[in-house]
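Colleague: Please take a close look at one part for me: the helix packing. I would like the angles, the contacts and the residue classes in one connected account.

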Amino acid sequence: MAPELAGKTALITGSTSGIGRATADALVALGAHVIISGRDTDRGNTAVQEIRSTGGNADFLAADLGNPASVRELANTAHTISGGHIDILINNAGIYPFGPTADFTDDQFDAVYDVNVKAPFILSGVLAPKMAERGHGAIVNISTGLATRGLRGAALYGSSKAAVELLTKAWAAEFGPAGVRVNAVSPGAIATEGTAPLGTNLNDMIAGAPAERLGRPDEIASGVAFLVSDAARYIHGVILPVDGGDGAV
Ligand code: NAP
């Protein structure tokens, strides 16, 4: 039997690192062709080499999601190199600066909203209608538990991901009738290259969580892989916590 995602192409933003990189491995294991994306060409090419060395199918497209023109170019080039069928879009890339509201400059605000909100908005706006024309597709947005909690220091980041959660539901309503399912995964505290500088502060964030430990990128990837699979065919507009139970207690 062919693997579940054989013949499908997935564009995964922020897949040169962390959760996105693990998601690429998870979708490759299900037979997908993955398009790795990020700004760092060295990390992108390394990811492609690693995937190809295991027999997987991957390509890298560099893009700066803080630049709308670069985001549009990513969408259009990914569409072209996929042979006209991006079947899966994972809006994973994100930046998460923490700090007091008054300390953020206008430019820092714009950078967070450009990468976390505007880039998914542009990518989904270009690619979801093309999926809809073909009658099928799956989009998974990566949110955070901080989208629904008023953690001190997380006003900017959390609010950007709250927008992503609303977009998830609005896009589910907009594109679902044409066969495109849109969902989100909400990770808890996950040990990645990006969170390494937080040190023990990251552990503090999961104090009291049922799993009593940090999560791993591959555990988030499992949630994403489920949501894009046929097993999730009746699931639209859900925000799936993959957080060791942190949001439940
Ligand atoms: P990470 O290790 O810092 O990786 C971030 C990825 O995003 C990298 O591949 C990076 O690629 C890409 N990226 C950042 N800015 C970009 C830009 N301007 N243009 C293009 N790509 C850009 O992040 P992570 O911890 O895996 O987090 C991934 C997602 O999960 C984010 O949306 C984050 O908010 C969310 N999340 C993470 C946690 C956690 O604890 N780790 C918890 C909840 C939610 P380049 O460096 O190559 O550009």
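Modeller: The helix pairs follow in turn, then one aromatic pair and the annotated domain.

This is a predicted model, in which local features need pLDDT of at least 70, side-chain atom pairs count only at pLDDT 80 or more, and totals for chains, interfaces and linings use all residues. Residues are numbered from 1 along each chain as its sequence is written, and side-chain values use heavy atoms, with hydrogens and water left out.

Helices (H or I, at least four residues) and strands (E, at least two) are DSSP runs, numbered from the N terminus. Axes are lines fitted to C-alpha atoms, for helices over the stretch in contact, and angles run from 0 to 180 degrees between N-to-C directions.

Start with helix 4 and helix 5. Their axes lie 9 Å apart, at an angle of about 10°. Helix 4 and helix 5 are therefore roughly parallel (angles under 35 degrees; over 145 is roughly antiparallel, 65 to 115 roughly perpendicular, the rest oblique). Helix 4 passes helix 5 in a right-handed crossing (the near helix is turned clockwise from the far one by less than a right angle; anticlockwise is left-handed). On helix 4 the contact (heavy atoms within 4.5 Å) includes F109, V112, Y113, F121 and P129. On helix 5, Y157, K161, L167, W171 and F175 are among the partners. By class, this contact has 15 nonpolar, five polar and one charged residues. Here Ala, Val, Leu, Ile, Met, Phe, Trp, Tyr, Cys and Pro count as nonpolar, Asp, Glu, Lys and Arg as charged, and the others, Gly among them, as polar.

Helix 4 also packs on helix 3 (residues 68–81), at about 30° with axes 9 Å apart. That makes helix 3 roughly parallel to helix 4. The crossing is right-handed. Helix 3 contributes residues including V71, L74 and H79; helix 4 offers, among them, I122, L123 and V126. The classes are nine nonpolar, two polar and three charged.

Next, helix 1 (residues 18–29) and helix 2 (residues 41–53). They pack at about 25°, axes 11 Å apart. That makes helix 1 roughly parallel to helix 2. Their crossing is right-handed. R21, A24, D25 and V28 of helix 1 meet A47, E50 and I51 of helix 2. Four of these residues are nonpolar, none polar and three charged.

Now the rings. The whole structure holds four aromatic pairs (Phe, Tyr or Trp rings, the six-membered one for Trp, with centres within 6.5 Å; planes under 30 degrees apart are stacked, over 60 edge-to-face, the rest tilted). One of them, F98 with Y157, is edge-to-face, at 5.8 Å centre to centre and 70° between the planes. F98 sits in the loop between strand 4 (88–91) and helix 4 (106–134), and Y157 in helix 5 (residues 155–175), 59 residues apart.

Finally, the record. UniProt places "domain: Ketoreductase" (unreviewed entry) at residues 8–188. Over residues 8–188 the chain is 49% helix and 19% strand.

Definitions and conventions:
UniProt positions are given in the numbering used here, feature names are shortened, and annotations may be inferred rather than shown by experiment.
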